[in-house]
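Here is a short briefing for a newcomer to this structure. Take a look at the sequence and the model first.

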Amino acid sequence: MAIGIGITEKGDEITETKNNLINEGVREMALLGKMRGAQEETFLGPAGQGDLEISSSLRSRNYSYGKALVEKGIAQVSKELKEKGTTVEGFHTAWAVQKLAEKYGLKLPLLEKAYRIIYES
């Protein structure tokens, strides 16, 4: 989710757009979580929304990765990450969650857009 928010943001400030994307991200996480037996309330607190809010700042590798994809393109960003030996957890998570969404027939538009940019661009 933070990668997708990073892709769409022009700055690090809290904006109405960022708040809306965080809310959509929490909705999508809760929807998938409920399909796997989790309680929706879990995603509305620190473990869900709180984590996504923190992960949607320049201090987050996932958010920074999303911003860098827009600014530099996937080839350059991938090269830089490899040279630095940096891991972006959301890169692999986006793939796994997209496959789960497909398996359960869930529509997760924010995740799907991030997945397509990362894996199909």
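The notes below cover helix packing, one buried side chain and several salt bridges.

This is a predicted model. Helix α5 spans residues 61–72 and packs against helix α6, residues 74–84. The axis of α5 also comes within 8 Å of the axis of helix α7, residues 89–104. A search of the whole structure finds 8 salt bridges.

**Helix α5 against helix α6**

- The two helices pack at an angle of about 130°. Their axes lie 7 Å apart.
- The angle makes α5 oblique to α6, because values that are neither roughly parallel, roughly antiparallel nor roughly perpendicular count as oblique.
- On the α5 side, the contact is made by Y65, A68, L69 and K72.
- On the α6 side, I74, Q76, V77, E80 and L81 take part.
- By class, this contact has 6 nonpolar residues, 1 polar residue and 2 charged residues.

**Helix α5 against helix α7**

- The axes of α5 and α7 cross at roughly 80°.
- That crossing makes α5 roughly perpendicular to α7, because angles of 65 to 115 degrees count that way.
- R61, N62 and Y65 of α5 meet E89, G90 and F91 of α7.
- This contact has 2 nonpolar, 2 polar and 2 charged residues.
- Y65 is listed in the α5 contact with α6, and Y65 also appears in the α5 contact with α7.

**N62, a residue to find in α5**

- N62 lies in helix α5.
- Is N62 buried or exposed? N62 has 15% relative accessibility and so counts as buried, the limit being under 20%.
- What does the side chain of N62 reach? The N62 side chain reaches the backbone nitrogen of G90 at 2.7 Å.
- Leaving aside residues up to four places away in sequence, N62 touches A2, I3, V88, E89, G90 and F91.
- Among these neighbours of N62 are E89, G90 and F91, which are also the α7 residues in the contact with α5.

**A salt bridge between K34 and E40**

- K34 and E40 form a salt bridge. Their closest N and O atoms are 3.7 Å apart.
- K34 counts as partly exposed, at 43% relative accessibility.
- E40 is partly exposed too, with a relative accessible area of 36%.

**A salt bridge within helix α6**

- The side chains of E83 and K79 meet in a salt bridge, at 4.0 Å from N to O.
- Both residues lie in helix α6. E83 and K79 are 4 residues apart, about one turn of the helix.
- E83 is exposed, with a relative accessible area of 59%.
- K79 is partly exposed, at 47%.

**Salt bridges in helix α8**

- E120 forms a salt bridge with R116. The closest N and O atoms of this pair are 3.9 Å apart.
- Where do E120 and R116 lie? Both are in helix α8, residues 109–120.
- E120 and R116 are 4 residues apart, about one turn of the helix.
- E120 has a relative accessible area of 52% and so is exposed, the cut-off being over 50%.
- R116 is partly exposed, with a relative accessible area of 46%.
- Which residues are linked in a network of salt bridges? E112, R116 and E120 are linked in this way.

Definitions and conventions. Residues numbered from 1 in each chain as written. Predicted model: local features only at pLDDT ≥ 70, side-chain atom pairs only at ≥ 80, totals over all residues. Heavy atoms only, no water. Axes fitted to C-alpha atoms, helices over the stretch in contact; angles between N-to-C directions. Parallel < 35°, antiparallel > 145°, perpendicular 65-115°, else oblique. Contact = heavy atoms within 4.5 Å. Nonpolar A, V, L, I, M, F, W, Y, C, P; charged D, E, K, R; others polar. Buried < 20%, exposed > 50% of the residue type's maximum accessible area, 1.4 Å probe, protein only. Polar contact = N/O pair within 3.5 Å; in protein donor to acceptor, adjacent residues only side chain to side chain.
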